[in-house]
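Let's take a walk through this model together, one helix at a time. Have the structure open and rotate along as you read.

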Amino acid sequence: MTETDMRRAFIDALVGVAPDIDPGSLGEDEHIQRDLGLDSMDVLNLVASLHDRLGIDIPEADYPQIATLALAVPYLQAAGASGQG
Amino acid sequence: MGLFTMPSLGSDMEAGTLAEWLVKPGDHVSRGDVVAVVETQKGAIEIECFEAGIVDELRAEVGAEVPVGAPLALILAPGEERPVESAPELPTPHRLASRPVSPPPPQGSGSIAASPAARVRARELGIELAGLSGSGPGGAILLADVAPPAPIVPPGPVAATPGPRATAQTEMRRAIAAAMTRAKREIPHFYLSATMDVQPARDWLDARNAGRPPDGRLLLGALFVRAVVLAAQKVPVMNGHYRDDAFHPASGVNVGVAVALRGGGLVAPALIAADRLDLAGTMAGMRDLVMRARAGRLRGSEMSEGTMTVSSLGETGAEAMAGVIFPPQVALVGIGAPQLRPWVVAGEIVPRQVVTVTVSADHRVSDGRQAARFLATFEQQIATPEGL
């Protein structure tokens, strides 16, 4: 998947968990918990949604690597390319 | 069987707005079936019926504000005749009967957050939800956001009451204010706290979750809820309702789980019969409750049948909370966020994740001794997570 596809998948999954987030004004470095207010259940649902959409299984230890859009896109691209998908 | 009436979905609820009928005359219903959706101060709630029968007549119009205890529908047992002194006919029964019954909105991604009442109104008016901005929790579109207000229904058993409506956020705040003011006025609260080592639970959880797909993972919050349920079984004086100047212990544990809503407010729907769920079942039940709390699809029984409540501050943040009991319950367990602290384990000072648990209890029903026993039982359970 291209960077644009990954970005879209991540934003779609995020908005699925927190429908009040405006995809247009989502900042690259906004932290999903500190800035966007996701709780641990929301983060689990986000990870589950990414698993469903992309087939990428993000272990708990890697949750910090999807904490912002800027972090998540390269992480997901690398995970997808390494054959997890 | 007979009249199906507006249930009370909280200690201070006076009325609810009928948002949607999910049955029509002639439908067979079973105990526990969701028959209607009612919009309350705490959001849209699915109303279940408690006996089996056949829907004979719908007595309230969608959009009508119906007082608690007022009739919504007539449901007859199979073979039962409609009572002769039946209330006046609805002005437009055929329109109601032919209203298409819409399925619950899809959960999860992509869909626009909107209350069922707002969806119905928007459909009636031919307005696209996507073009509206919501004032509800999480920006959800509410009835009041869909203009203009519903046409006035001709006078009948229950009339719609259009007019200026407070935003859902204000309504939610009012509901919380009413319930909490009553709690602080009527319940002589007392509080006991204990700070405990949750490192064994954390380590056990990390090992258990490793290698599992997201859907199979547990959260620390599920272990806490499970430990509360087991402690409530050991100390039944914490679990039940105070009504008519007496404590009525509950036979099972319907543990209320406080869920903060995005955009403000909170609800504490109950995980029904949590004492019959194992740890994985508890986690699945909590996930389902949170998703439905966000989507506005909680059930009436979940709003009214909680026997005690857990309020957890999550995995990061403040370390302790002494909470306010939800009447008519008699206890609330406030769980702070885990903190890394120097802790003495087997004579050595070591860094450990610790949690402060605070029980708020009703002094009309229990004393410090029982609250202390509750905390000790909780601590034992959380120290041996494999037994949860």
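Start with helix H3 of chain B, residues 168-186, and keep in mind that this is a predicted model. How far should H3(B) reach from end to end? At 1.5 Å a residue, its 19 residues ought to span 27 Å, and the C-alpha atoms at its two ends are indeed 27 Å apart, so expectation and model agree.

Now look at which parts of H3(B) are hidden. The buried residues are B:Met172, B:Ala175, B:Ile176, B:Ala179, B:Met180, B:Arg182 and B:Ala183. Because they cover an arc of only 155° around the axis, they sit on the same side of H3(B). The general rule behind such a pattern is that an α-helix has 3.6 residues a turn, so residues three or four places apart point the same way. And what do the buried residues of H3(B) pack against? Their partners are strand S9 (189-197) and strand S14 (266-267), both in chain B.

Strand S9 turns up again when you move on to helix H4 of chain B: S9 is among the elements that cover the buried residues of H4(B), along with H5, strand S20 (348-362) and helix H8 (368-383). H4(B) runs over residues 199-209, and its buried residues are B:Gln199, B:Ala201, B:Arg202, B:Leu205, B:Arg208 and B:Asn209. After H4(B) comes B:Gly211, with a positive phi near 80°.

From H4(B), hop over to H5(B), residues 220-234, and see how it meets helix H6 of chain B, residues 279-295. Their axes come within 9 Å and cross at roughly 115°, which means H5(B) is roughly perpendicular to H6(B). The crossing in which H5(B) passes H6(B) is right-handed. On the H5(B) side, the contact involves B:Gly221, B:Ala222, B:Leu223, B:Val225 and B:Arg226; on the H6(B) side, the residues are B:Leu279, B:Thr282, B:Met283 and B:Met286.

Stay on H6(B), since it also takes you across to the other chain. Helix H2 of chain A, residues 40-54, packs with H6(B) at an angle of about 95°, with the axes 11 Å apart. H2(A) and H6(B) are therefore roughly perpendicular to each other. Chain A brings A:Met41, A:Asp42, A:Leu44, A:Asn45 and A:Ala48 of H2(A) to this contact, while H6(B) supplies B:Met283, B:Met286, B:Arg287, B:Val290, B:Met291 and B:Arg294. You've met B:Met283 and B:Met286 already: they are also among the residues of H6(B) that H5(B) meets.

While you're on chain A, have a look around. Chain A has three helices and zero strands, and its pattern along the sequence reads α-α-α. Of its 85 residues, 46% count as buried. A nice one to click on is A:Leu76, in helix H3 of chain A, residues 69-84. Is A:Leu76 buried or exposed? With a relative accessible area of 0%, A:Leu76 is buried. Leaving out residues up to four places away in sequence, A:Leu76 touches A:Met6, A:Phe10, A:Leu50, A:Leu54, A:Ile56 and A:Ile58. For a sense of how the chain folds back, A:Leu76 and A:Asp57 are 19 residues apart along the chain, and their C-alpha atoms are separated by 9.7 Å. Among contacts in chain A between residues at least 6 apart in sequence, 52% join residues at least 24 apart.

Back to chain B for the bigger picture. Chain B has eight helices and 20 strands, and 49% of its 388 residues count as buried. Of the contacts in chain B with a separation of 6 or more, 65% are between residues 24 or more positions apart.

Finally, a few backbone oddities. Most residues other than glycine have a negative phi, and most peptide bonds are trans. B:Ala273, in the loop between strand S15 (270-271) and H6 of chain B, goes against that with a phi near 55°. B:Ala346, found in the loop between strand S19 (339-345) and S20 of chain B, has a positive phi of about 50°. Which of these alanines is hidden? B:Ala273 is buried, at 17% relative accessible area, whereas B:Ala346 counts as exposed at 79%. Then there's the peptide bond from B:Pro327 to B:Pro328, which is cis with omega near 5°. You'll find B:Pro328 in the loop between strand S17 (308-312) and strand S18 (331-335) of chain B.

Key
Residues are numbered from 1 along each chain as its sequence is written. Chains are lettered from A and ligands numbered from 1 in the order in which they are written. This is a predicted model: local features need pLDDT of at least 70, side-chain atom pairs count only at pLDDT 80 or more; totals for chains, interfaces and linings use all residues. Side-chain values use heavy atoms; hydrogens and water are left out. Helices (H or I, at least four residues) and strands (E, at least two) are DSSP runs, numbered from the N terminus. The expected span of a helix is 1.5 Å times one less than its number of residues. Buried means under 20% relative accessible area, exposed over 50%, partly exposed in between (1.4 Å probe, protein chains only). The arc is that of the directions from the helix axis to the C-beta atoms. Contact means heavy atoms within 4.5 Å. Axes are lines fitted to C-alpha atoms, for helices over the stretch in contact, and angles run from 0 to 180 degrees between N-to-C directions. Angles under 35 degrees count as roughly parallel, over 145 as roughly antiparallel, 65 to 115 as roughly perpendicular and the rest as oblique. A crossing is left-handed if the near helix is turned anticlockwise from the far one by less than a right angle, and right-handed if clockwise.
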